[in-house]
Amino acid sequence: MRVQFVSDQPLDLDKHRGMAAQKATDIRRILADVENNAKDLRDRQAVLENQLLSVAAASWPEAAAKARYIFSLYAAALGSEDTHHRDLVAAVLADFDRLSSESQ
């Protein structure tokens, strides 16, 4: 009678599957990571937005920082073909930067 002992070493099951199955597993793992990261980002974004809503700006630079955030959300939602509005957002943000540096 032959006795087999259980090994403490983990068994790499990926080696025993075909390449297509390994790729499918890798894709599922990456997708799960992306979904978790997206949820974390949404949670942090909600915290930031609640702070932006609850704390009044104490200066023009603080108000401009809030506006920059809103403009960046707006610009991210624009289609790639909407160059006119993208240019307008970029011009306003450049004005904020210029006026902020002039006031310091």
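A helix here is a DSSP run of H or I at least four residues long, a strand is a run of E of at least two, and both are numbered from the N terminus. With that in hand, start with the whole chain, which is a predicted model. Read along the sequence, its pattern is α-α-α. In total there are 3 helices and 0 strands.

**The whole chain**

Show the surface. The accessible surface is about 9000 Å², and carbon and sulfur atoms hold 61% of that area. Of the 104 residues in the chain, 7% are buried. If you display contacts with a separation of 6 or more, 29% of them join residues 24 or more positions apart.

**Helix 2 and helix 3**

Next select residues 60-77, which form helix 2, and residues 83-103, which form helix 3. The next stops involve these two helices.

**The aromatic pair**

Select Phe71 and Phe96. The structure holds 1 aromatic pair. In this pair the ring centres of Phe71 and Phe96 are 6.2 Å apart and the ring planes stand at 45°; planes under 30 degrees apart would count as stacked and over 60 as edge-to-face, so this pair is tilted. Phe71 belongs to helix 2 and Phe96 to helix 3, so the pair ties together parts 25 residues apart in sequence. Is Phe71 buried or exposed? Its relative accessibility is 26%, and because buried means under 20% and exposed over 50%, Phe71 counts as partly exposed.

**The largest pocket**

Keep Phe96 selected and add Trp60, Pro61, Ala63, Ala64, Ala67, Leu99, Ser100 and Ser103; together these residues line the largest pocket. Helix 2 and helix 3 are the elements that give two or more residues to this lining. Which helix gives the largest share? Helix 2 does, with 5 residues. The space in the largest pocket is about 170 Å³. Colour the lining by residue type: 7 residues are nonpolar, 2 are polar and none is charged.

**His85**

Finally, select His85, which lies in helix 3. With a relative accessible area of 31%, His85 is partly exposed. Which residues does His85 touch, leaving aside its neighbours within four places in sequence? Show Tyr74 and Leu78: His85 is in contact with both. Then draw a distance from the C-alpha of His85 to the C-alpha of Ala75. The viewer should give 7.8 Å, for two residues that are 10 residues apart in sequence.

Conventions:
Residues are numbered from 1 along each chain as its sequence is written. This is a predicted model: local features need pLDDT of at least 70, side-chain atom pairs count only at pLDDT 80 or more; totals for chains, interfaces and linings use all residues. Side-chain values use heavy atoms; hydrogens and water are left out. On a 1 Å grid over the protein atoms alone, a cavity is a set of points where a 1.4 Å probe fits but cannot get out, and a pocket is an open set with protein on both sides within 12 Å along at least five of seven lines; lining residues have an atom within 4 Å of a point. Grid points are joined across faces, edges and corners, and a volume is the space filled by probe spheres set on the points. Ala, Val, Leu, Ile, Met, Phe, Trp, Tyr, Cys and Pro count as nonpolar, Asp, Glu, Lys and Arg as charged, and the others, Gly among them, as polar. Buried means under 20% relative accessible area, exposed over 50%, partly exposed in between (1.4 Å probe, protein chains only). Contact means heavy atoms within 4.5 Å. Accessible areas come from the Shrake-Rupley method with a 1.4 Å probe; for residues, only the protein chains shown count as cover. Rings of Phe, Tyr and Trp (its six-membered ring) pair if their centres lie within 6.5 Å; planes under 30 degrees apart count as stacked, over 60 as edge-to-face and the rest as tilted.
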